[in-house]
Amino acid sequence: RNRSQPHDFSRHTLKMGKVHGSLARAGKVKGQTPKVEPSGEKKKLPTGRAKKRMQYNRRFVNVATAAGGKKLGPNSNAAKMAGP
């Protein structure tokens, strides 16, 4: 094909890709996941001012520190491992 002339799409049928599979498989994973009963009542989390107070205490008052005085992240288990 001569590069100076534009490509001729008329002799080819453009094949578009299929998107996200067939609808026959819709809901497959949810259907085969075992149902787990909820484990009782959960305590209501505080809202508003009380929630901000809880966040402040968690982040700045009861701070877990690692060796060398470095602050540990909120997902660190070191504070739980040390224990009372």
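Which residues form a nonpolar patch on the surface, and about how much accessible area do they have together? The patch consists of Tyr56, Phe60 and Val61, whose accessible area comes to about 340 Å² together. The model described here is predicted, and the points below go from the chain as a whole to helix H2 and then to the two surface patches.

**Overall architecture and exposure**

- The protein contains 3 helices and 0 strands, and the order of its elements, read from the N terminus on, is α-α-α.
- Of the 84 residues in the protein, 0% are buried, where buried stands for a relative accessible area under 20%.
- The area that the protein exposes is about 9,100 Å², and 56% of that area is supplied by carbon and sulfur atoms.

**The aromatic pair in helix H2**

- The structure holds 1 aromatic pair, which is formed by Tyr56 and Phe60, with a distance of 5.6 Å centre to centre and an angle of 45° between the planes.
- The pair is classed as tilted, because an angle of 45° is neither under 30 degrees, as stacked rings would require, nor over 60, as edge-to-face rings would require.
- Tyr56 and Phe60 are 4 residues apart in helix H2, so about one helical turn separates them.
- How exposed are the two partners of this pair, Tyr56 and Phe60? Tyr56 has a relative accessible area of 48% and is therefore partly exposed, whereas Phe60, at 53% relative accessibility, counts as exposed, the cut-off for exposed being over 50%.

**The nonpolar surface patch**

- Tyr56 and Phe60, the partners in the aromatic pair, also belong to the nonpolar surface patch, where they are joined by Val61.
- Phe60 is located in helix H2, and its relative accessibility of 53% satisfies the requirement of over 30% that applies to members of a patch.

**The positively charged surface patch**

- Which residues gather in a patch of positive charge on the surface? They are Lys51, Lys52, Arg58 and Arg59.
- Lys51, one of the residues in this patch of positive charge, lies in helix H2, which spans residues 49-61.
- Lys51 counts as partly exposed because its relative accessibility is 41%, a value that also meets the patch requirement of over 30%.

Terms used: Residues numbered from 1 in each chain as written. Predicted model: local features only at pLDDT ≥ 70, side-chain atom pairs only at ≥ 80, totals over all residues. Heavy atoms only, no water. Patch = residues over 30% accessible without salt bridge, like charges linked within 9 Å, V, L, I, M, F, W, Y side chains within 5 Å. Areas by Shrake-Rupley, 256 points an atom, 1.4 Å probe, with all protein chains shown as cover. Salt bridge = Lys/Arg side-chain N within 4 Å of Asp/Glu carboxyl O. Lys, Arg positive; Asp, Glu negative; His and termini not counted. Charge placed at Lys NZ, Arg CZ, Asp CG, Glu CD. Helix = DSSP H or I, 4+ residues; strand = E, 2+ residues; numbered from the N terminus. Buried < 20%, exposed > 50% of the residue type's maximum accessible area, 1.4 Å probe, protein only. Phe/Tyr/Trp six-rings, centres within 6.5 Å; stacked < 30°, edge-to-face > 60°.
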